[in-house]
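This report looks at how some side chains are arranged in one protein chain. Please keep the sequence and the structure in view while reading.

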Amino acid sequence: MGYMEEAYSQDTVEETADTSGSSGSTEVSALATASGSSDSITENGSAGIESESGADSGLEGGKDSESDVSAGNESGSSTDNELESSSESDSYEQKLIRTVNIDLETTEFDDLITELETRTEEMGGYIESSEVSFYSSEYTSRWASLTVRVPAASLDEFVAMVGENANVTYTSESTEDVTLTYVDLESHLTALRTEQESLLGMLEAAETTEDIIAIQSQLTEVRYEIESYESQLRVYDNKVDYSTVYLYIDEVERETAAAGGTFWGSVGTKFKDNLYRVGQGFRNFAITFLGVLPITLIIAVPVVVICFVIGNFLKHRKARTGRKQQEQEENEECEDEERK
């Protein structure tokens with residue numbers, strides 16, 4: 001019995017060693033396969049079959065290999081993500097919105113308005129809004145405010161054309177980069193369309209009325225968001241494809257001269273401007289005086305006539321009063337003489 005128990009115990013130990021060794025070989029083989037080292041698999045597996053200590057050392061080596069592989073994969077994936085992100089940003093078309101403000105003055109107001117309308121149409125643009133005042137007086141002149149939309153590729157040509165046909169007194173330009181916003185809207189739109197397709201599939205497979213109602217409600221919300229994003233993209237497309245030019249036009253009798261580059265040039269320009277203002281002052285005074293002259297005559301003539309009549313009346317009255325006093329004095333003198 002003692003011999004049999006001893007033999008049974010020995011067989012149990014061998015089976016246990018074989019089992020642990022084979023499991024160690026299996027685990028190590030899996031880890032080694034992930035790292036791509038087939039030679040290490042064979043060696044660690046053989047060591048596991050020979051003894052438990054060999055299997056343990058194989059497991060430790062396999063775990064170290066797994067850590068290295070994971071670190072390598074994480075580093076590689078991070079690099080790949082950065083490269084992918086960089087390539088995607090480079091592949092996006094840049095979306096720029098350009099806006100120009102120009103103040104003009106011209107002596108040929110009607111001709112300039114006609115020229116702007118014609119050239120805008122020739123360049124493929126359009127006038128979005130216009131406000132024109134055709135009334136002018138001695139104190140005010142005609143003016144116009146135009147909002148012009150021209151293709152972005154023709155913006156510089158249009159601005160140059162405006163400067164050739166009128167005197168530019170002020171100009172400013174701004175550029176807004178909406179590339180990131182545009183790409184973000186497109187990403188949201190793609191995700192919403194994918195969600196819509198999934199909901200349509202779920203709607204076809206739905207069996208209960210409650211499921212159908214719930215899916216349809218969610219579909220309605222998704223479609224509303226899709227329409228909203230599509231509308232925003234259309235607005236951005238219009239602003240990017242057609243640049244905006246704000247024109248403010250003043251009609252003048254004399255265009256403002258550009259200041260000279262030198263001191264005496266600036267003095268000469270200022271002197272001419274002041275002479276022009278003085279001449280305009282006399283001119284406005286003459287226009288005002290001649291303009292009110294008819295009204296002055298209409299009022300003055302009756303006043304003069306009335307004054308003349310009153311003067312004559314007072315003069316005759318004074319003369320009659322004088323004659324009466326003289327007659328009275330003469331009568332008094334005659335009475336005094338008779339008494340004497």
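## A residue and its neighbours

In this predicted model, Val 162 touches Ile 102, Leu 104, Leu 116 and Leu 247, if residues up to four places away in sequence are not counted.

## Two nonpolar cores

Val 162 is also one of the residues with the most contacts inside the largest nonpolar core, which has 20 residues, and the others named in this way are Leu 116, Phe 158, Val 245, Leu 247 and Ile 249. At least two residues of this core come from each of the strands β1 (96–106), β3 (143–151) and β5 (242–251), and likewise from each of the helices α4 (109–122) and α5 (155–165).

Another core lies apart from this one; it has 12 residues, including Leu 199, Leu 219, Ile 226 and Tyr 229.

## Aromatic rings

A pair of aromatic rings is described by the distance of the centres and the angle of the planes. The count of such pairs here comes to two. For Trp 143 and Tyr 248, the ring centres are 6.1 Å apart and the planes stand at 15°, and because planes under 30 degrees apart count as stacked, this pair is stacked.

Since Trp 143 belongs to strand β3 and Tyr 248 to strand β5, the pair ties together parts that are 105 residues apart in sequence. Trp 143 counts as partly exposed, at 25% relative accessibility, and Tyr 248 is partly exposed with a relative accessible area of 34%.

## A charge over a ring

A ring can also have a charged side chain over its face: Lys 95 lies over the face of Tyr 182, at 4.6 Å from the ring centre.

Methods. Residues numbered from 1 in each chain as written. Predicted model: local features only at pLDDT ≥ 70, side-chain atom pairs only at ≥ 80, totals over all residues. Heavy atoms only, no water. Core = buried A, V, L, I, M, F, W, Y, C linked by side-chain atoms within 4.5 Å. Buried < 20%, exposed > 50% of the residue type's maximum accessible area, 1.4 Å probe, protein only. Helix = DSSP H or I, 4+ residues; strand = E, 2+ residues; numbered from the N terminus. Contact = heavy atoms within 4.5 Å. Phe/Tyr/Trp six-rings, centres within 6.5 Å; stacked < 30°, edge-to-face > 60°. Lys NZ or Arg CZ within 6 Å of the ring centre and 35° of its normal.
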